[in-house]
Each structure stands twice: as C-alpha cells, then as structure tokens.
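Please look over the structure shown here before reading the report, and keep the sequence at hand while doing so.

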Amino acid sequence: MMFSIHGLVRSRNIEMGRDADTGGQVKYVIELAEELGKRPEVRRVDLFTRLIRDRRVSEDYSVPVETLSEKVRIVRIPCGGGKYIRKELLWNHLDEFIDKTVKYIKREDDIPYLVHGHYADGGYVARHLASLFGVPFVFTGHSLGKSKKSKLHDDGLSDEDMNKKYHIDYRIKVEEEIIGCADLVVTSTHQEVEQQYGMYAHNTVPEYLVNPPGLDLERFFPYYAEEQENEHSRQARVAINDELNRFFLNADKPLILALCRPDKRKNVGALIQAYGESKELQAIANLAVFLGIRKNIMDMGENEKSVLIETLLLMDKHDLYGKLAIPKKHDFTYEVPELYRMVALRRGVFVNPALTEPFGLTLLESAACGVPIVATNDGGPVDIAKNCQNGILIDVSEPKNISDAVKQILVDPDLWQKYSGNGINNVRQHYTWDAHIDRYLETIQSLRGGSHKDLYAIDGDPLAIKMLSRNKMIVCDIDNTLTGDPESLEKLLALIEPYKKSIAFGVATGRTIDSALEFLKEHNVPVPEILITSVGAEIYYGGPGNLDKGWAMHLRQKWDKEKIKRLLATLPFLEPQEPETEREFKVSYYMEPKEEYLRQAHDLLTRNGCRYQMIYSHQQFLDILPQRASKGKALRYLSYKWEIPLENFLVAGDSGNDEEMMRGDPKGVVVGNYSKEMEMLRGKRGVYFSKQKYAAGVIDGIHRYRFLES
C-alpha cells in the first residue's frame with residue numbers, strides 16, 4: 001500500500017504544476033506503482049489518495065477505485081469533506097482517513113505486506129497503519145518541513161505566519177515521529193540524507209536507500225529517434241509548435257526552456273531577469289517558461305499568483321514581447337516530451353533555476369531527449385550532473401551566472417553536442433525504472449518484522465490483525481458491573497476465554513485509563529482489548545500507549561473545555577472532582593441529585609453557545625464531555641471503524657452513564673444491582689434486566705441472548 005494523499009492523483013493527463021501540491025511527486029508515485037505492478041513477485045499495488053468531489057476539478061478524482069493495470073489501482077478514500085483543499089489544511093482529517101482505510105482493508109480482507117507513505121501526510125497515515133497491522137513502514141519525504149522553514153525564514157516570513165499558513169511546526173513534529181519509527185527511508189539523492197534528514201534528531205534511526213526514480217524512456221526518447229514517434233507525438237509536436245509561434249517574432253532561434261510549477265522557490269524570476277538583462281542572449285535565443293496549467297491568474301493561490309504576476313511584470317520591464325513565451329497550459333503525457341525534443345532540434349538549453357531542488361525530474365527528462373542543462377548547484381542536480389555529465393551547475397542567486405552558463409553552451413556547438421550525447425547515454429545507464437525497482441524490492445524484502453512491529457500489539461498480535469478477525473464484542477462497565485463479586489467475575493472470564501479469537505472483550509468506564517488499569521489489575525482482570533474510558537472521552541487498545549487518535553480528532557471539533565470550566569465555576573452547587581480525573585475531553589464535578597441543578601447547568605452552557613454532553617451518574621457524579629462523546633457514541637464509533645454490526649455487541653452496565661450504550665441495536669444487559677437512573681430503560685426493546693448482580697448478571701445476559709452460540 002502506498003499513500004499520496006494531498007495531490008490531485010490520477011493515472012493519465014496528470015495536472016503537473018496545477019498548484020504547489022501537484023508537482024513531480026504525483027508523477028513519481030504513479031510510475032512507481034505501475035512499475036512495481038509489472039514485477040511477478042508483486043501481488044498487488046494499491047495507491048491510496050483522497051477522494052475529491054469538487055466542481056473546480058475533474059470528476060476523475062471522485063472515482064473510488066481507478067484501475068491502472070491488472071495488479072495496480074488508485075484507491076480514493078473520502079475525508080475532510082469533498083472540496084479540494086491544500087495539503088496544509090488536511091492535518092485535522094488524517095485520522096479519519098486512517099479509520100476509513102482500516103474499514104476498506106477489512107472489506108477487502110487483504111492485509112498489506114508493506115506500507116509506503118509519501119510526503120509528511122502520507123507518512124503519518126502509513127506509520128499508524130503499519131503499527132496497527134504490524135507490517136514494515138517505508139517513508140519518502142520528497143521535501144521536509146525543516147528545510148522549508150529555513151527557506152521561509154530567509155524569505156522574511158515569521159514563525160507565526162508560517163504556522164498560520166503552513167502548520168510548519170506541527171509538520172516538523174510529525175516528521176520527527178515518522179523518521180523515528182520508519183523501517184526504511186527512500187530518498188532520491190545523497191544530499192537529502194545528509195542535509196535534509198540530517199536536520200532531524202531521529203535521523204540515525206531508519207535505514208536509508210538512495211534510489212533515484214526511473215524514467216519512462218518510451219516517451220522521453222532522443223530528438224533524432226524518428227522511428228519511436230507515433231501519431232500522438234506528431235500531433236503533440238504540431239500543437240506545441242503552434243502554441244509557441246503565437247509568442248515569437250523569430251521562431252527558428254534556439255530555445256531556452258524552463259518547466260516548473262509557479263512557486264517562489266523555483267526562482268523563475270531570476271531566469272527572466274538574466275535573459276532580460278542580456279541583449280546578447282536575446283539575440284541568440286528565445287525563452288519559453290511553462291508555469292503549470294492555469295485559466296485565470298486571479299483565481300490562483302497567493303504563492304502561484306505572485307509568481308505569475310512577477311513573470312508578467314518582468315516581461316514588460318525588459319520589453320521581452322516576441323522573445324518570451326509563457327503558455328497557459330500543456331499536455332504532460334505527449335506535449336512535454338515533444339517540447340524537450342523541439343528544444344534539442346533547435347540546439348537549445350533546459351534551465352532549472354530553483355533555489356533548492358530535492359531531485360529535479362525535469363532535468364532527467366530533458367537530458368533523455370538530448371537537451372543540455374543549466375541548473376542549481378543544490379540538491380538533486382548535483383547527483384544528476386555527476387552521473388550524466390550533461391550540463392553546468394551554478395549559483396542561481398545571481399542572474400548573471402544563469403545567462404553566462406546558457407550562453408557558454410549555446411555558442412559552442414561541440415560543447416552542446418557533448419552535453420547532449422552524455423545526457424542521452426547516461427540517463428539510460430543510471431536512471432531506469434528497472435534498476436530502481438530492483439533496488440527497492442531487494443531492500444524491502446529484508447524488512448519483515450520491522451522495529452515498530454509490536455507498537456499496537458495485543459497479546460503478541462498486531463492490533464488490526466486481531467480486530468479484523470472479531471465479529472462480536474462484549475463491553476462491560478467496570479464498577480459494580482464487572483467487579484463486585486469476585487467469584488462471578490472469575491466465572492465470566494472463564495466463560496468468554498474460549499471465544500477470544502472471534503469475540504473482542506472491552507470495558508466502558510467513567511474512570512481514567514490509569515485508574516481503570518490499576519483497578520482491573522487489583523481484581524485480576526487481564527487488560528482488555530478495548531478500553532473506553534473517561535465516560536467515552538477516550539478509546540484505548542490494550543493499554544495506555546495505544547490511544548485511538550481518530551476518536552480523539554472526532555471529539556476535538558467545537559470542544560472548548562476552558563470556556564466550560566469558566567462558566568461552571570460560577571455555579572456554587574458544583575464541586576470540582578480531583579484534578580487527576582480531568583482529561584482533554586472530560587470535566588468532572590460532584591453534585592447533589594437535584595433536577596433544578598442539572599437544569600441550571602444546562603441553561604448556562606447552552607446560553608453561552610457551548611457544545612457539550614452532560615452525564616449524571618450514581619446520584620453524585622456530573623461529567624461534561626464533548627457533544628460527540630459518550631460511552632454509547634464510542635461504541636458506535638468502534639462498530640463503524642471495525643465493521644462489527646451493533647447487533648453483534650453485548651453491553652452491560654448498572655448506572656446512568658451506561659444507559660446510552662444500550663439504546664438501539666446492541667444487546668443490553670442491566671445487572672441486578674443497578675442504579676435507579678436505569679429504570680428509564682425498562683421495557684425498551686433489546687434491554688434485559690437481570691435479577692443476578694454484578695458479573696453474574698453479565699453471564700445471565702450472555703445466556704439470555706445466546707450470544708456465544710454462533
């Protein structure tokens with residue numbers, strides 16, 4: 001399973017450069033998936049991304065499953081609504097993505113051999129799924145937050161602005177956690193390992209594989225290989241030629257080409273300035289700058305808009321009309337390869353003026369077609385130029401360096417021919433998909449039983465594998481339901497022990513996780529698989545280290561605990577419980593059993609616009625939770641996440657905070673020692689009032705429903 005969540009991901013007509021999230025990474029993951037699928041030892045490749053239903057983008061992104069080949073699919077998982085949003089806004093929705101992916105895996109009944117996360121958000125999802133299923137976790141960052149933060153600082157952006165727009169500190173924190181538990185990090189260059197991952201505290205934890213991506217040589221063939229042309233490529237050549245001729249007064253001159261998305265870090269302005277300030281270069285060659293696909297500049301994001309406006313202003317400042325082309329769109333599949341070959345036929349140069357370049361796929365594409373390069377002496381181009389010997393690396397912060405390097409190649413036919421031939425030959429030696437996949441498969445086959453394998457394990461088995469085999473669940477309140485009669489408790493545990501492989505056992509309690517585990521240990525109860533604690537405000541699997549983050553993210557929406565505490569502090573009849581009872585999603589008080597007090601508390605919170613859930617139990621405990629929290633809602637969340645129907649739940653309790661669990665489809669058992677609040681359930685369908693007390697009442701309910709029989 002591979003995860004590339006943030007971009008507009010589809011197999012054909014990739015919208016390269018549409019915005020900052022649709023760069024070369026999208027093409028890389030698609031080609032990696034397709035090439036892996038060609039190998040006989042690979043059974044299936046599923047590339048997971050976000051499902052998008054938005055009129056502003058193609059309907060292609062709303063198709064739940066897109067088949068690329070017999071063994072390769074794009075699987076789209078909905079999260080965070082249907083609108084297309086930039087990656088920085090997706091963080092709050094990733095736990096929803098994880099939960100729905102778990103559901104998808106259960107429906108498919110097919111556990112992955114390995115998960116590979118691309119970019120920080122894909123890494124977050126893959127990391128948690130790897131832990132759930134106990135499989136190796138591979139990560140490719142493509143770009144990292146610490147490098148970005150450093151560049152943004154250089155651009156004058158404050159920490160406050162960076163966090164507001166990019167959530168940069170949270171991203172860095174997530175990346176640190178990812179690197180700290182990844183079994184393998186795949187990079188394209190040695191510079192990434194040393195300079196980018198080297199900035200992180202956990203950089204020595206994972207194994208690294210420097211594995212540059214391959215190139216589709218059936219599309220990016222040399223400019224002179226007429227025998228490889230087809231009708232598509234011939235049509236594309238005519239289209240791209242007609243488009244460029246709209247801009248140029250003398251279209252036969254050599255062509256200087258730049259191709260990238262409109263991003264300040266791509267430094268396109270320096271290239272245009274270099275060209276505009278060199279009359280000699282203008283006399284020698286035309287300049288074409290392709291800045292992604294666009295319709296209306298004013299409808300684009302601020303970063304993209306500012307780059308395009310700067311481009312137009314520089315064009316006007318240097319009077320480059322008739323010499324500079326800035327086309328509005330291009331077809332990636334057919335027109336871009338023909339564009340490179342057109343540049344080569346006209347003895348032109350490809351320029352990548354980016355301030356920093358993690359890899360530089362366009363440098364390989366142009367080189368494979370026979371175009372010499374001028375590029376930044378940072379990051380990926382260093383490795384590419386070393387391997388291919390096909391151009392000049394420069395300090396791109398000085399525009400004159402760009403114009404001097406381009407002129408050096410354009411005016412020397414022998415040098416141009418040398419760089420052109422070296423590029424064609426050496427790309428085929430160093431950058432093929434066959435070599436990439438060989439290295440990838442050889443490395444990942446040594447990863448089974450990775451370092452994090454037992455992070456979410458229960459009784460030695462990875463959580464998800466164990467939960468996927470469960471088709472029923474027994475959930476009991478702890479105090480006065482599970483406990484209270486040691487002899488019947490022992491009988492209950494012995495009764496359900498033979499069914500552990502098909503029935504999950506859990507508890508639902510008002511206690512905190514630490515209090516619940518300590519109390520269960522005192523009563524010789526093994527740690528349950530599921531712990532719903534703090535009156536449904538938290539869900540854990542097998543212990544305190546395995547919090548269900550999807551549930552926590554679900555509760556966090558519109559929950560303002562501090563405001564609620566300030567308001568309730570004005571009510572004299574409420575006495576705060578001990579500090580250790582308070583949790584992120586629970587505020588607890590002692591209160592006398594008076595309906596008037598409950599009414600006043602409700603009225604105060606409602607008038608002040610609070611979203612909350614109020615639960616009163618045992619004639620003394622008042623718990624305030626998020627509106628979405630309760631034992632009953634937590635139960636329904638577990639049903640949804642693990643796809644266990646609610647009618648396959650047996651729930652048992654004795655007090656008011658258990659009441660909601662028993663409504664609806666679950667099989668409810670009220671034990672004989674119940675509190676009077678439970679009388680409201682008498683006569684309700686699916687609720688059995690046992691005459692037996694404590695755990696004996698649970699046993700009675702199990703027999704009453706014949707719950708263990710199927």
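The report below takes up confidence, the nonpolar cores, one helix and the cavities.

## Confidence in the model

This is a predicted model, and the chain averages a pLDDT of 91, with 97% of the residues scoring at least 70. Over residues 450-454, however, the pLDDT is below 50, although this stretch has 13 contacts in the model beyond near neighbours in sequence.

## Nonpolar cores

The largest nonpolar core has 100 residues, and those with the most contacts inside it are Leu568, Ile624 and Trp642. Helix α3 gives the most to this core, contributing nine residues.

Leaving aside residues up to four places away in sequence, Leu568 touches Leu574, Tyr589, Ala601, Leu604, Leu605 and Ile624. A second, separate core of 71 residues includes Ile240, Leu324, Leu339 and Trp416.

## Helix α6

Helix α6 covers residues 168-181, and because each residue should add 1.5 Å, its 14 residues should span 20 Å, which agrees with the 20 Å between its end C-alpha atoms.

Among the buried residues of α6 are Ile168, Ile172, Glu175 and Ile179, together with Arg171 and Glu176. The buried residues of this helix pack against α3 (119-133), β6 (137-140), α4 (145-154), α5 (159-166) and β8 (207-210).

## Cavities

The structure holds four cavities of 30 Å³ or more, and the second largest of the cavities has a volume of about 70 Å³. Its lining is formed by Lys87, Glu88, Trp91, Tyr119, Ala120, Asp121, Lys148, Tyr166 and Arg171, and α3 gives the most to that lining, with three residues. Arg171, one of these lining residues, is also one of the buried residues of α6.

Key: Residues are numbered from 1 along each chain as its sequence is written. This is a predicted model: local features need pLDDT of at least 70, side-chain atom pairs count only at pLDDT 80 or more; totals for chains, interfaces and linings use all residues. Side-chain values use heavy atoms; hydrogens and water are left out. Helices (H or I, at least four residues) and strands (E, at least two) are DSSP runs, numbered from the N terminus. The expected span of a helix is 1.5 Å times one less than its number of residues. Buried means under 20% relative accessible area, exposed over 50%, partly exposed in between (1.4 Å probe, protein chains only). Contact means heavy atoms within 4.5 Å. pLDDT is the predictor's confidence in each residue, from 0 to 100. A nonpolar core is a set of buried Ala, Val, Leu, Ile, Met, Phe, Trp, Tyr and Cys residues joined through side-chain atoms within 4.5 Å. On a 1 Å grid over the protein atoms alone, a cavity is a set of points where a 1.4 Å probe fits but cannot get out, and a pocket is an open set with protein on both sides within 12 Å along at least five of seven lines; lining residues have an atom within 4 Å of a point. Grid points are joined across faces, edges and corners, and a volume is the space filled by probe spheres set on the points.
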